[in-house]
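Biologist: I am new to this one. Please show it to me, and I will ask how each description is justified.

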Number of protein chains: 2
Amino acid sequence: MITGGLGFIGSNLAHRLVTMGAAVTLADNLMPQYGGNLHNIEGISDRVDVSVSDIRDTDALTTLVRGQDYIFNLAGQSSHMDSMRDPFTDLEINCHAQLSLLEICREHNPEATIVFASTRQIYGKPERLPVNENHLLRPVDVNGVNKMAGEWYHILYNNVYGIRGCALRLTNTIGPRMRVKDARQTFLGVWIRLLVEGKPFEVWGGEQVRDFTYVDDAVDAFLLAAANDEANGKVFNIGGERPVTLRELAELLVDVNNGGEYEVKTFPADRKRIDIGDYYADDNKIRKALKWTSRVSLREALQRTLAYYRKHLAHYL
Amino acid sequence: MITGGLGFIGSNLAHRLVTMGAAVTLADNLMPQYGGNLHNIEGISDRVDVSVSDIRDTDALTTLVRGQDYIFNLAGQSSHMDSMRDPFTDLEINCHAQLSLLEICREHNPEATIVFASTRQIYGKPERLPVNENHLLRPVDVNGVNKMAGEWYHILYNNVYGIRGCALRLTNTIGPRMRVKDARQTFLGVWIRLLVEGKPFEVWGGEQVRDFTYVDDAVDAFLLAAANDEANGKVFNIGGERPVTLRELAELLVDVNNGGEYEVKTFPADRKRIDIGDYYADDNKIRKALKWTSRVSLREALQRTLAYYRKHLAHYL
């Protein structure tokens, strides 16, 4: 089962699992402000079970959890700004529902293995770079606090109850099927949409350093974490090929696109105060423990993403 | 205002504030499983406003929060075992209600200063001793996860919205007005009750190392943290005179009591799996930043506590 299975990373994982011959159930609430999109399962829709249900619905979740071998737990509210405007909804989804899922597993399916999609956001503003898993967690927004709690429920249910689980701390993940309608998942979605539409995009700031994971590499990490008992009870950073400034990223994107324009703007105040500054991951822990590696270069990642949206943009607006 | 104001530390703080001439409001739900006890304000009950209300009741909280200069936020579910048996109640109190309090402050009283009662439990099993504030947070029970989130809401509302706040990570706090009915606050409560009743008490394990703060010293820390803008946005460990093993503590207690018996037992399995092993705090950060110091020795702390319960035990059963 994949929670958030119609979303960006969840659906890419579903495509991979289907090609591997797995019986896949996707749970997704398909609410417009989140990442779920039925187009994301085009080509596999007849080979997966889809349940349009919310992770906050414990009855639905109880039915779904029974009998699953692996639960890829990607359902979440991921917008930092939304978490500040509506902190209680973020809490319901990122804390309460996560605890529900674990309690349901404990009661109805203690044999399941759960891989939780965590986020680099929980580190807050890094005090050193690159950031490894020994960096303190000092979240700067409500989303970061709640994801931190959600992650630790998984770790403790592994340690206390033996519900096998681990967490992947994702950075900006990019690729086909990402949300491009707005910046709720990543600003890069908006850049790509505008570029495909032939419009200029905005770079806020420009000097911030970030790393990017291509979604297929993220999918690899989820599969390795699920299949390997070495991962149980652990947290792993997932990074990418190399860190770049947003301005370099914009240049690379325009280059890959063979054209396009962008404008550098100052950071809006309400975003600035929850911004984390520079970030890039030290992901040696997962490279060593699970033999994960990032296989797709940033250039290639941007190329493939642009190619996808040139073809499918209409389904993502 | 003191949330959890009829509880152990809250009521000791109330006594101090009343002697300092402050106008004090105490909010407490007085639910039997928590620490609230009307006897705790004997002697000052005509000089404080008491609101029997729950921190989960946002309407009541909104009324209470308006106009307060300082909010000492001590309302919480503190039993580790209860948090495992009923994780959702722990979440409601230690996460949701904390976020509510902060949202209410943001809307109705952004000038308030909040001091949050956090706990050493959020560190989990220490990887080095003594534990300073740079130690990773790796909670081992639901209570620890939720208190970690509750603490960080306070820090981020300070940093993002300027709602002045800080957190004190308390260790075992002891003294008059502590809960002695059961081990929900600390095992030491039960030891003291049994000793005063002339019955043998049980020491589980015995070799675990712990530190203890006398409640008057904890009250000092709350007042210093509230009065000093240096504290805003920070977390501080509070420790005590010196670490001791539980067996040494038992010996000291029997010595101070001029008699008494105890039995060393093996740790029950359900507690063992959420036990944190040895812990004692490095509290130099608050000693330097706020000039806090622990003034009451462990022997003196036990003496005063025993003296209190010899006189008042009936009100705590």
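Modeller: What follows is a set of short questions and answers on a predicted model.

Biologist: Start with the two chains. What makes chain A and chain B related as by a two-fold rotation axis?

Modeller: A rotation of 180 degrees superposes chain A on chain B, with 0.0 Å of shift along the axis. The RMSD is 0.0 Å. The two copies are thus related as by a two-fold axis.

Biologist: How do you know that the same surface serves both copies?

Modeller: Of the contact residues of chain A, 100% recur in chain B.

Biologist: How many residues are in contact between chain A and chain B?

Modeller: The contact takes in 24 residues of chain A and 24 residues of chain B. On the side of chain A, the elements that give two or more residues are helix H4 (87–108) and helix H5 (142–161). The largest share, nine residues, comes from H5(A). By class, that side has 17 nonpolar, four polar and three charged residues.

Biologist: Why are H4(A) and H4(B) called roughly antiparallel?

Modeller: Their axes cross at roughly 170 degrees and come within 11 Å. Angles over 145 degrees count as roughly antiparallel. H4(A) and H4(B) are therefore roughly antiparallel to each other.

Biologist: Which residues of H4(A) and H4(B) meet?

Modeller: From H4(A) come Pro87(A), Phe88(A), Leu91(A), Cys95(A), His96(A), Leu99(A) and Glu103(A). They meet Pro87(B), Phe88(B), Leu91(B), Cys95(B), His96(B), Leu99(B) and Glu103(B) in H4(B). The residues of this contact divide into ten nonpolar, two polar and two charged.

Biologist: Now a helix pair inside chain B. Why is H1(B) called roughly perpendicular to H7(B)?

Modeller: The axes of helix H1 (residues 8–19) and helix H7 (residues 215–227) of chain B cross at roughly 70 degrees. They come within 9 Å. The range for roughly perpendicular is 65 to 115 degrees. That makes H1(B) roughly perpendicular to H7(B). Among the residues that make the contact are Phe8(B) and Leu13(B) of H1(B), and Val219(B) and Phe222(B) of H7(B). Seven residues of this contact are nonpolar, one is polar and two are charged.

Biologist: On to the sheets. What makes S3 and S11 of chain A the edge strands?

Modeller: Strand S3 (48–52) and strand S11 (235–237) of chain A each pair on one side only. The open sheet has seven strands in the order S3-S2-S1-S4-S5-S6-S11, with parallel pairing.

Biologist: How do you know that S4(A) and S5(A) pair?

Modeller: Pairing needs at least two bridges. Strand S4 (residues 70–73) and strand S5 (residues 113–119) of chain A have four, in the parallel sense. In S5(A), Val115(A) is the bridge partner of Phe72(A).

Biologist: Which strands of chain A does helix H7 lie across?

Modeller: Helix H7 (residues 215–227) of chain A lies across S4, S5, strand S6 (165–170) and S11. H7(A) runs at about 165 degrees to S6(A).

Biologist: What makes strand S2 of chain B mostly covered?

Modeller: Four of the five residues of S2(B) (residues 24–28) are buried. Two bridges join strand S1 (residues 2–3) of chain B to S2(B), and the two run parallel. Thr3(B) stands opposite Ala27(B). Five bridges join S2(B) to S3(B), again parallel. There, Val24(B) has Val48(B) as bridge partner.

Biologist: How do you know that the side chains alternate along strand S8 of chain A?

Modeller: Phe201(A) and Val203(A) point to one face and are buried. Glu202(A) and Trp204(A) point to the other and are not buried. S8(A) also pairs with strand S13 (residues 262–265) of chain A, in the parallel sense over four bridges. Trp204(A) stands opposite Lys265(A) there.

Biologist: Last one. Why does Ala301(A) count as buried?

Modeller: The cut-off is 20 or more other C-beta atoms within 10 Å. Ala301(A) has 25 such neighbours, so Ala301(A) counts as buried. Ala301(A) is found in helix H11 (residues 298–312) of chain A. Its contacts beyond four places in sequence are Ile174(A), Gly175(A), Phe212(A), Tyr214(A) and Val296(A).

Definitions and conventions. Residues numbered from 1 in each chain as written. Chains lettered and ligands numbered in written order. Predicted model: local features only at pLDDT ≥ 70, side-chain atom pairs only at ≥ 80, totals over all residues. Least-squares fit on C-alpha atoms with pLDDT ≥ 70 in both. Contact = placed C-beta atoms within 7 Å. Nonpolar A, V, L, I, M, F, W, Y, C, P; charged D, E, K, R; others polar. Axes fitted to C-alpha atoms, helices over the stretch in contact; angles between N-to-C directions. Parallel < 35°, antiparallel > 145°, perpendicular 65-115°, else oblique. Buried ≥ 20, exposed ≤ 12 C-beta atoms within 10 Å, placed from the backbone.
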